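Q: I'm new to this one and would like to go through it slowly. Could you put it up so that we can start?

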2 protein chains.
Amino acid sequence: MAIHHDLTSLAHECADCPIRHRAVCARCEADELARLEQIKYYRSYQAGQTIIWSGDRMDFVASVVTGIATLTQTMEDGRRQMVGLLLPSDFVGRPGRLTAAYDVTATTDLVMCCFRKKPFEEMMASTPHIAQRLLEMTLDELDAAREWMLLLGRKTAREKIASLLSIIARRDVGLKKGPAQGSIVFDLPLTREEMADYLGLTLETVSRQISALKKDGVIELEGKRHIIVPNFDALVEQAGDDNDGGFLV
Amino acid sequence: MAIHHDLTSLAHECADCPIRHRAVCARCEADELARLEQIKYYRSYQAGQTIIWSGDRMDFVASVVTGIATLTQTMEDGRRQMVGLLLPSDFVGRPGRLTAAYDVTATTDLVMCCFRKKPFEEMMASTPHIAQRLLEMTLDELDAAREWMLLLGRKTAREKIASLLSIIARRDVGLKKGPAQGSIVFDLPLTREEMADYLGLTLETVSRQISALKKDGVIELEGKRHIIVPNFDALVEQAGDDNDGGFLV
DNA sequence: TCCTTCGCTTGATCTGCATCAAGGCCGATC
DNA sequence: GATCGGCCTTGATGCAGATCAAGCGAAGGA
């Protein structure tokens, strides 16, 4: 894995950009990369493992290399809301804050590329480029969070499910294309319960709505997790979005 | 109004910081301020006026000086979700994007301090300080958005109302203190319908829950908008938050 | 002065999703 | 191959909040 791959979220080459929807390519500046290279290290986690507990001291920032992680908030009585889904290339952690604000959990086996916070912050201070790139990424995440607020506040259960499926499909697209023209195939990286926590529903409702979408021919399932979308536009229509646009997760 | 006041959100003095919960004070750097001073201008809006429509070309970024604005998203069928509340010192607009992603509306009479985007971006490129400050503010907003996701996805109507009231109270605190020890007094800057759009409820439910909180002695009303909170902790308890902490709106 | 409008409240009813409960599928373990 | 536990589905029932509907009070305009 080349140096650039580890740092995709901070600076990557335009040529063979492996990251969709993050395609704000930065000029690769060799010395920045070299310096980042010096302060980075890798960590692996198993599926289900909690990476950071909300409130924990957090002395690194990181970017997801492979696998999927989630950010969740929990109320005292146990109600849970997922507030972020971290796919490869996504960034975790916040320069200038001591403790984590959310639980971060690996939902699949996961590899993260970590940077110790202190040196990372020092680099940021001396390298305007990085702060700007990070600002852009954060603004994208903010847009995604606000899109999600619309979903949580106003969409029906069916629309919520369709939205989630189309988001996952979009992030996966290009990797896996279905056999039939225009069809899309992917594996759900989340359990029904995790989907429920993301969508502000119960797992029973998630299950029922998936069954309903299947009955109506919007999706097909193989097993519990393998999804086939014969007609992506039909799915998007179920999601109730006015634009097909910039969902970023 | 001194120069610093106009630029509170970008750089303000620590001494008499008028802004709560944004208190990450930056060193005032005279030349930055002078340059910002050259590219800024003011705009006033009347209550109810739409400042920007989603999709409009947006050639400025701005910071709220006085008054309150909202960010809302609307679905084709008219369902609306407010995704941000802009109080004095809050920042609107995003460097590096051509069009607005949300409707921005003045809910009270409003004055904004605008910076034409092009020169602002140029300044940002040459002044690392500003990008970093903006990054910090954006991260705060992201945290607030995620806190709001928990509210939208998992809280009951009563908890939603109590949360909103305590957020408004927190941002207003210091300006108005109630007569009785520990009591807080403020005016609601939003109509019931706007509150409903923020909370993912209907205006009827908002009205009912406010009545319920009043009946239970958690709040008192004078007229429709003037709120007295005799015991702030009691209100926070109704909000169901585990920490009394960093709600930022 | 009356009339209209806007923001709000309150009541009656409906419904989408939560809750409670039972059982099926499948991979892991012995 | 039997058993267990995690994950999922499906059914029955309940309830919080939506929807539909009526009316109030204050501000503003004719």
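Q: How do strand 4 and strand 7 of chain A pair, and over how many bridges?
A: Bearing in mind that this is a predicted model, strand 4 (residues 69–74) and strand 7 (residues 103–106) of chain A pair in the antiparallel sense, and four bridges join them.

Q: Which residue stands opposite Ala69(A) there?
A: That is Ala106(A), which belongs to strand 7 of chain A.

Q: What is the strand order in the open sheet of chain A?
A: The order is 2-7-4-5, so to read it across, four strands make up the open sheet of chain A and their pairing is antiparallel.

Q: And which strands stand at the edges?
A: Strand 2 (50–52) and strand 5 (80–86) of chain A do, and because each has a single partner strand, one side of each is left without a neighbour in the sheet. From one strand to the next, the twist averages 35 degrees.

Q: What packs on that sheet?
A: Helix 4 (residues 128–154) of chain B packs on it, touching strand 4 and strand 5 of chain A, and the direction of this helix makes about 130 degrees with that of strand 5 of chain A.

Q: Switching to chain B, is Thr105(B) buried or exposed?
A: Thr105(B) has 18% relative accessibility, and because buried means under 20%, Thr105(B) counts as buried. Its place is in strand 7 (residues 103–106) of chain B.

Q: What does Thr105(B) touch?
A: Leaving aside residues up to four places away in sequence, Thr105(B) touches Gly48(B), Gln49(B), Thr50(B), Ile51(B), Ile68(B), Ala69(B) and Thr70(B).

Q: Now the DNA: which residues come nearest to DNA strand C?
A: Of the 17 residues around DNA strand C, the nearest are Thr205(A), Arg208(A), Arg192(B), Ser207(B) and Ser211(B). Of the atoms of DNA strand C that come within 4 Å of the protein, sugar and phosphate account for 62%.

Q: Which side chains lie by a phosphate oxygen, and which by a base nitrogen?
A: A polar side-chain atom of Thr202(A) lies 3.0 Å from a phosphate oxygen of DNA strand C, and for Ser207(B) the distance from a polar side-chain atom to a phosphate oxygen is 2.6 Å. As for the bases, an N or O atom in the side chain of Arg208(B) is 2.8 Å from a base nitrogen of DNA strand C.

Q: Which element gives the most to the surface near DNA strand C?
A: Helix 7 of chain B does, with five residues.

Q: And by class, what is that surface made of?
A: The surface near DNA strand C has seven charged, seven polar and three nonpolar residues.

Conventions
Residues are numbered from 1 along each chain as its sequence is written. Chains are lettered from A and ligands numbered from 1 in the order in which they are written. This is a predicted model: local features need pLDDT of at least 70, side-chain atom pairs count only at pLDDT 80 or more; totals for chains, interfaces and linings use all residues. Side-chain values use heavy atoms; hydrogens and water are left out. A residue is near a molecule or strand if one of its heavy atoms lies within 4 Å of it. A polar contact is a pair of N or O atoms within 3.5 Å; within protein, one must be able to donate a hydrogen and the other to accept it, and residues adjacent in sequence count only if both atoms are side-chain atoms. Helices (H or I, at least four residues) and strands (E, at least two) are DSSP runs, numbered from the N terminus. Ala, Val, Leu, Ile, Met, Phe, Trp, Tyr, Cys and Pro count as nonpolar, Asp, Glu, Lys and Arg as charged, and the others, Gly among them, as polar. Buried means under 20% relative accessible area, exposed over 50%, partly exposed in between (1.4 Å probe, protein chains only). Contact means heavy atoms within 4.5 Å. Two strands pair if DSSP finds at least two bridges between them. Axes are lines fitted to C-alpha atoms, for helices over the stretch in contact, and angles run from 0 to 180 degrees between N-to-C directions.
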